[in-house]
Amino acid sequence: MKYERRESDSPIVPEKQPNKADRGDKVAEAVEERGLAKGNLAEQTRGRTQSRATLPNALDRVRAAARRDRKEKLTSLWHHIYSLDHLREAFYSLNRKSSPGVDGKTWQDYREKLEENLQDLSARLKRGAYRAKPVERVYIPKEDGRQRPIGKPVLEDKIGQRAMVEVLLAVYESEFKRFSYGFTRGKSQHDALDALTVAIERRKVNWVLDADIRGFFDAIDHDWLIKMVEHRIGDKRVIRHIKKWLKAGVLEKGEFSRQEAGTPQGGSISPMLANIYLHYVLDLWVDRWRKQDARGDVVIVRYADDFILGFQYKDEAEGFLSALQTRLKRYNLELNQDKTRLIEFGRFAISNRKQRGIGKPETFDFLGFTHICGKTRSGKFTVRRQTIAKRMRMKLIEIKRMLRIRINWPIWKVGSWLKSVLTGYYRYYGVPRNFAMLEAFRRGVERLWYTTLKRRSQKHNIAWERMYKITDRWLPRPRILHPYPSERLVV
């Protein structure tokens, strides 16, 4: 049923349904304008045949209410989550090739009776009969040789979580600080990278704190998280279902275990909840600290649990680091001492260290790039960014493994696959002053492909002249696809 109402009207509250839970500035702000998230148009529509832009703009009323009063709790949100339109859109936004959860149901299986399945899911969400299922846990190797746990939720949990993320985004997108870039609509990793570069180049930054929180996603305290969400969310049904996903548990090698801390691994809602947690634990506190306690410039850029801070004075940086450890401990978090470093970095670092005879400034890694103190051809200070060498090696090792699997594929098929790999690689790492690392990556792929073709050849006589023709045909040359940071973030 369609209805019209003014933005100033109070939200429409749906009929309450029974629902029982299971028991059991200065940095990036100065270089970026925050735009409003793109919503949907105002008309209610049904069916997948129309585009996303024609979906109902119901969440715009949530955004408007959230912006109107930052202290108001929003109490009528649940009907947006069990809406068929939102569930359908959530389903189509999922990765169609992702592995199934403990129920074995794939994206393709669910689509066979999509409308029937969505109506059933919507009805269970509406009346409170929905139950979250355990997350299957598997492990993948990390760059340092350790194993990273990965969760595989069931498809219906992903759909429900994805729909809830859209609602939570509408509430919190005006709450998050501008220096927070992770999992926020309209912001990307490259926005964070460019904001950091411009801040270091233009502000009085002499020291950089490269901080790392130990096992952040697994250490989030459930009680604290719920209290934080309840600052803005007054709809008990939303809170109840967040608790269901947090308490769903883990299934590992057939054994079930409850999770007393951490967010659902692999779930759509996990990054959003983590962002809310750090908003209250870190962002608000840092913003207040630099305004009230700092004498010099303090800059910060955060993407998810990765954050970098720049300081004008070393003693302030050391004092902040001590205060940060105390702050995190209060919320059951701790810094990884092996990965947390305070280094001399900035426009004067090269000359200052040269005068003291202690060599070049140290570097730090952030979002896949090693950041280096450098100079332009005219002698002006700049932050050079290069692909982290270890990540490039790990990517080449992965390509080598995949090439062995594809050893009997025809050349055109392997070439098409490698072309897509290189194109995606350039799309992320193609930043100014990183051309040499892109060239090195392409040469590495070329050598691996050559070795694979020799391995499958009985005569082992593939000449490099022929190989160059093959790679010129299939392996695209490196390209710089991103502008200079100062061009992207024009003050």
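1. In what sense do strand 3 and strand 8 pair, and over how many bridges? Find strand 3 at residues 207–212 and follow it alongside strand 8: the two run in the antiparallel sense, joined over four bridges. If you want one concrete pair to look for, take W207, whose bridge partner in strand 8 is E344. Keep in mind, as you look, that this is a predicted model.

2. Now zoom out to the sheet these strands belong to. It's an open sheet of four strands in the order 6-7-3-8, and the pairing is antiparallel. Strand 6 (298–303) and strand 8 (341–344) sit at the edges, each pairing on one side only. On average, neighbouring strands here are turned by 15 degrees against each other, if you ignore direction. For background, strands of a sheet pair through backbone hydrogen bonds, and they can do so either parallel or antiparallel.

3. Next, look at what lies across the sheet. Helix 8, which covers residues 189–202, lies across strand 3, strand 6 and strand 7 (306–311). Against strand 6, helix 8 runs at about 165 degrees. Helix 13 (residues 314–330) lies across strand 3, strand 6, strand 7 and strand 8, and its angle to strand 7 is about 145 degrees.

4. Here's a residue worth clicking on: H222, in helix 10 (residues 222–229). Is H222 buried or exposed? Its relative accessible area is 3%, and buried means under 20%, so H222 counts as buried. A polar atom of the H222 side chain lies 2.6 Å from the backbone oxygen of G262. Setting aside neighbours within four places in sequence, H222 is in contact with L246, K247, Q259, E260, A261 and G262.

5. For the whole protein, there's plenty more to explore: it has 19 helices and 11 strands. Of its 491 residues, 51% are buried. The accessible surface comes to about 25,300 Å², and carbon and sulfur atoms account for 48% of that.

6. One last thing to check before you trust any corner of the picture is the confidence. The mean pLDDT of the protein is 85, with 87% of the residues at 70 or more. Over residues 1–56, though, the pLDDT is below 50. That stretch still has 123 contacts in the model beyond near neighbours in sequence.

Definitions and conventions: Residues numbered from 1 in each chain as written. Predicted model: local features only at pLDDT ≥ 70, side-chain atom pairs only at ≥ 80, totals over all residues. Heavy atoms only, no water. Pairing = 2+ DSSP bridges. Axes fitted to C-alpha atoms, helices over the stretch in contact; angles between N-to-C directions. Contact = heavy atoms within 4.5 Å. Buried < 20%, exposed > 50% of the residue type's maximum accessible area, 1.4 Å probe, protein only. Areas by Shrake-Rupley, 256 points an atom, 1.4 Å probe, with all protein chains shown as cover. Polar contact = N/O pair within 3.5 Å; in protein donor to acceptor, adjacent residues only side chain to side chain. pLDDT = per-residue confidence, 0-100.
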